[in-house]
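The following exercises concern contacts between chains and the pairing of strands. Each task is followed by a solution in steps.

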2 protein chains.
Amino acid sequence: VIIFMKSIEWLNNSIRFLDQTELPLNEVYIDTSDISILADAIRTLKVRGAPLLGIASAYGLLLGTQKEIQSSKEQFIRAFEDSDALLASTRPTAKNLFWALERMRNILRLNSKEDSTTLFDRLKSEALSIHEEDRVMCDKIGAHGADLIPMDAVILTHCNTGALATGGIGTAFGVILTAHNSGKNISVFADETRPLLQGARLTMWELQKAGIPATLITDNSAAWTIKTKKVGLIIAGADRIAADGDTANKIGTFNLAVLAKEHNIPFYIAAPSSTIDFSIQSGEQIQIEERGFGEVLNGFGKQIAPNNISVFNPAFDVTPHHLITAIITEKGILRAPYGNSIASMVKQ
Amino acid sequence: VIIFMKSIEWLNNSIRFLDQTELPLNEVYIDTSDISILADAIRTLKVRGAPLLGIASAYGLLLGTQKEIQSSKEQFIRAFEDSDALLASTRPTAKNLFWALERMRNILRLNSKEDSTTLFDRLKSEALSIHEEDRVMCDKIGAHGADLIPMDAVILTHCNTGALATGGIGTAFGVILTAHNSGKNISVFADETRPLLQGARLTMWELQKAGIPATLITDNSAAWTIKTKKVGLIIAGADRIAADGDTANKIGTFNLAVLAKEHNIPFYIAAPSSTIDFSIQSGEQIQIEERGFGEVLNGFGKQIAPNNISVFNPAFDVTPHHLITAIITEKGILRAPYGNSIASMVKQ
């Protein structure tokens, strides 16, 4: 699979990242060897997307320590700890960021007797592995998922699940891209995904960049689009999957799953197996974050509703497993009954 | 039923109208006896909403002719014709506007032998009737519909169907208002209704103004809101109803009807019986207007997607009659099989 765009890259002593706040109108890459510029980019959402934050923070530790390779080991370790603290302060609720920092700390611990040069090499190797593992995982999800896509397919997708959010081709987006690259005749409808418009801003940009025929719709046009444009399947990502297959994902996913059922078309979720949370038996136990009203009221520029009103702004919804045709992971395709298929996957 | 707000009013020699382009942030009323100011207000959408345009254009003819009451009858009739032409040029596709102008022309024809003073009185009486008939029709829809609303109800509604669009309390909005005013414990979720955000801008304003507890949601939050906020029914208006009950209405209505079915809650349409088009056998024959991409891309300030993309922007969708629990009209409540109930209503 060809990666058409890298949202972050290690360039031997520096990184290059795409400034996502300039999208969709400008494609601006920033080269830097300064960890404070990267930390600021993470804080201001120039770099975003859960897997990408993990990769970026691992690279950040390389930027923060590389100048101390020739210094004392004490200074090297102090630089690591300072960098770690700086990166951890950028997005305190980003799990992947902390997961990657922890992997890097572990390398530091395991190699505590090595000199700074060797230590840095081991850290660099781990950071590149974190990136590479994500890239490979995306490729596998793409390959498994592409088997489900017919030779001619009109696909509806939601939110942003592509190269902008991951270290590879993405999850749901990766499935679409893999099918397209394998020569299938694919066209895509992307819904705008209110309130933050990731579908309009990011997915439409990625589809255009990849040369996949694509059309933007408002979220509320989905039913009419499915019916009149002969949409053949819907595919979305996942933020968290319960042990029974109930899936939390960006608000609006549940709507689409209901519309898929009404129109008798498949509804697929594509996500890494690490998204499955075995501590959660069913969707009812998933806590859904509610966000502020400003995203809804002022997201487009002008204020769109009166002052002093109530706004309900859930960031995610939970799609019941009975509405999900299959869950596509890097380990293979899971189908109902999900309790069994998810449990068997773990035993592999 | 108390009308809480008049979007247009005849004030003996002048009109007062609400400048809807100032909503939702400012409530600005304009008093004028100058037909050119009214014509400009219609052209620039300060006055909008199908039934309201009919009322406004009838009042416009009064403004345009009242200065010629003391002049020759020839001058009076010329003033009528000039006013008619001016108003007809404002919104050339607004059916209600032409329907009202035609009613006024008919009065002119029927009273061609009367003097200018009498002619003007007859025209004024017709204009006030056009307004009053719409007000009464809204009240009747409200009263019939309120019978369907339980004592405690969480209601989801779509787009704008209230006093801003009509000469009275509105259609779907009128049902909600009537139930609220009768002492029922009503709370409302209004979806924002992309792309033009009539739900956010107009319905939330009307709900706030009427003192009805209300919460704004994005369109794609509907399924999650229905499930977690215990929405008990959905009600929307209609632009055109086929003889079999299939209903064209603002884009997003079809989505909501599917979600109502999935959650086993009623889905109601409220509309004047004149919305039923007997020349159309089923929804498949309804032509759906597609509008430009600018509404989606640039509607509210910032451009939200890349340049040179495709956008599918249908203004309406068609909800199949099997998803509609009942159609509420001023003549009563229609239920499936709609072919029969609609035909019997006409015979009344």
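**Exercise 1.** Identify the salt bridge formed by A:Lys261 and place it within the interface.

*Solution.* The side chain of A:Lys261 meets that of B:Glu262 in a salt bridge, at 2.8 Å from N to O. The term denotes a side-chain nitrogen of Lys or Arg within 4 Å of a carboxyl oxygen of Asp or Glu. Across the interface of chain B and chain A, the rule finds four salt bridges.

The model is predicted: local features need pLDDT of at least 70, side-chain atom pairs count only at pLDDT 80 or more, and totals for chains, interfaces and linings use all residues. Residues are numbered from 1 along each chain as its sequence is written, chains are lettered from A and ligands numbered from 1 in the order in which they are written, and side-chain values use heavy atoms, with hydrogens and water left out.

**Exercise 2.** Describe the extent and composition of the interface between chain B and chain A.

*Solution.* Begin with the contacts (heavy atoms within 4.5 Å): 62 residues of chain B touch 62 residues of chain A. Next, consider the buried area, that is, the accessible area (1.4 Å probe) that two parts lose on being put together, summed over both. This area is about 4,800 Å², and carbon and sulfur atoms give 64% of it. In chain B, the most area is lost to chain A by B:Asn220, B:Trp224 and B:Phe312, together 17% of what that side buries.

**Exercise 3.** Determine how strand 6 of chain A pairs with chain B.

*Solution.* Strands are DSSP runs (E, at least two residues) and helices likewise (H or I, at least four residues), numbered from the N terminus; two strands pair if DSSP finds at least two bridges between them. Strand 6 (residues 214-217) of chain A is joined by two bridges to strand 12 of chain B, and the two run parallel. Within this pairing, A:Thr215 stands opposite B:Ser310.

**Exercise 4.** Analyse the sheet of chain A that has the order 1-2-3.

*Solution.* Three strands form this open sheet, with antiparallel pairing. Strand 1 (8-10) and strand 3 (29-32) of chain A are at the edges with a single partner strand each, so one side of each has no neighbour in the sheet. Strand 1 pairs with strand 2 (residues 15-18) of chain A over three bridges, and A:Trp10 stands opposite A:Ile15.

**Exercise 5.** Explain which parts of chain A the pair A:Arg105 and A:Asp84 ties together.

*Solution.* The closest N and O atoms of this salt bridge are 2.5 Å apart. A:Arg105 belongs to helix 4 (residues 95-110) and A:Asp84 to helix 3 (residues 73-88) of chain A, so the pair ties together parts 21 residues apart in sequence.
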